[in-house]
Amino acid sequence: MQREHAAPVPKRYSTVMDKSIAAALDLPPLEKGWVWLVGAGPGDPGLITALGLKAITEADYILYDALVDDRLLALAKKSVGLIFAGKRAGVKSCKQSDISSLLVDLAKKANRVLRLKGGDPFVFGRGGEEAGALASARIPFRIVPGITAGIGGLAYAGIPVTHRDTNHSVTFITGHGSDGKLPRLNWQAVGKGSETLVFYMARKYAGEIATALIAAGRNANEPAAIIANAARQGQSVIVTDLAGLGAAAEKAPALSIIVVGENVRLRDDLDWLGRKTRAFNPA
Ligand code: SAH
């Protein structure tokens, strides 16, 4: 189990979450002996929920992932125990069983424990496994959903995850099986199932995925986008098509979401962030 910070944590703020907001929204307290599993959203710290923010200011211990923004951690109490429990290139990752037992131990010692994860804790984030360990140990817990990268990341790229003109369904897929390889999916079924496909952890196998989808009958010219560092510093979006997806992925940064489907075209009009940064001025 590593106990270190992903990066130096900036100055702490003495302000805690405005009590009147917590009262107006009737937010419950993070109580002693409880664990809250909270999603921090895809990057932009403003995308955390009110419950998540409150938990940060109340927690005695925060076990956080590499993708959690330091500005959120800076809102914690001075006495907080910050424990890095994520994965980082070049550093041996914490074992899932270690993280789960630490959550149980800290809660048993009557601490207020916050497990803070990127995106949504139950979307390809092992939140279900951690909640399972808490349930078996009879530790009371709360799940606070977060904005998942496969929805919020698309929104930050100006791509609606659904739109009546382009897709009535969407499928979320991981490109990374528990053995580190591309999961053995029924690609024929995946290809035919939803008009829009959203892939997590898929950059490495993007070429294979595209080939499998074309073999399943998807059009090689169908639009696809790679959204890297979505809602984070340095967000970049590559728009390509299925035929070009593998080559495009080789050039893309590691942290990326891949979306395949006609809804990608909507970005032409809806890239609000790009417009803003290009000093969009209708005058
Ligand atoms: N629980 C998280 C997903 C964890 S799996 C969620 O709900 O978003 C980690 C994968 O999520 C990454 O490999 C990447 O594919 C995707 N991801 C997470 N944050 C991202 C971001 N800010 N930009 C692009 N992809 C992101």
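Two strands pair if DSSP finds at least two bridges between them. Helices (H or I, at least four residues) and strands (E, at least two) are DSSP runs, numbered from the N terminus. On those terms, isoleucine 62 stands opposite leucine 114 in β4.

## Model and confidence

This is a predicted model; local features need pLDDT of at least 70, side-chain atom pairs count only at pLDDT 80 or more, and totals for chains, interfaces and linings use all residues. Residues are numbered from 1 along each chain as its sequence is written. The score pLDDT is the predictor's confidence in each residue, from 0 to 100. Its mean over the chain is 91, and 89% of the residues reach 70 or more. Residues 1-5 stay under 50. For that stretch the model has ten contacts beyond four places in sequence. Two residues are in contact if their C-beta atoms, placed from the backbone, lie within 7 Å.

## The parallel sheet

Five strands form an open sheet with parallel pairing, in the order β3-β2-β4-β1-β5. The edges are β3 (81-84) and β5; each has a single partner strand, so one side of each is left without a neighbour in the sheet. Neighbouring strands here are turned by 15° against each other on average, direction ignored. Such angles run from 0 to 180 degrees between N-to-C directions, and axes are lines fitted to C-alpha atoms, for helices over the stretch in contact.

Strand β4 joins β1 through five bridges, and the two run parallel. Valine 35 has valine 113 of β4 as its bridge partner. Strand β4 also pairs with β2 in the parallel sense, over four bridges. Tyrosine 61 stands opposite valine 113 in β4.

How buried is β4? Five of its five residues are buried, so defined if 20 or more other C-beta atoms lie within 10 Å of a residue's own (exposed means 12 or fewer, partly exposed in between; C-beta atoms are placed from the backbone). In a regular strand the side chains alternate between the two faces of the sheet. From β4, Val113, Arg115 and Lys117 point one way. Leu114 and Leu116 point the other way.

## Helix α2 on the parallel sheet

Helix α2 lies across β1, β2, β4 and β5, running at about 130° to β1. Its residues are 50-58, and the buried ones are Leu51, Gly52, Leu53, Lys54, Ala55 and Ile56. What covers them includes α1 (19-24), β1 (35-39), β2 (61-64), α3 (70-73), β4 (113-117) and β5 (141-144).

## Helices α4 and α5

Helix α4 (residues 96-108) packs against α5 at an angle of about 45°, with their axes 9 Å apart. The two are therefore oblique to each other. Angles under 35 degrees count as roughly parallel, over 145 as roughly antiparallel, 65 to 115 as roughly perpendicular and the rest as oblique. The crossing is right-handed. That term applies if the near helix is turned clockwise from the far one, and left-handed if anticlockwise, by less than a right angle. On α4 the contact is made by Gln96, Ile99, Ser100, Leu103 and Val104. On α5 it is made by Glu129, Glu130, Ala133 and Leu134. An α-helix has 3.6 residues a turn, so residues three or four places apart point the same way.

## The mixed sheet

An open sheet of five strands has mixed pairing and the order β6-β7-β10-β8-β9. Its edge strands are β6 (170-174) and β9 (236-241), each pairing on one side only. Neighbouring strands of this sheet are turned by 20° against each other on average, direction ignored.

Strand β7 (residues 196-200) pairs with β10 (residues 256-260) in the antiparallel sense, over three bridges. Valine 198 has valine 259 of β10 as its bridge partner. Helix α6 (residues 149-156) lies across β6, β7, β8 (223-228) and β10, running at about 80° to β10.

## Positive phi in two loops

Two residues other than glycine have a positive phi.

| Residue | Phi | Loop | Other C-beta atoms within 10 Å |
|---|---|---|---|
| Arginine 138 | near 60° | between α5 (127-136) and β5 | 9, exposed |
| Asparagine 229 | near 50° | between β8 and β9 | 20, buried |
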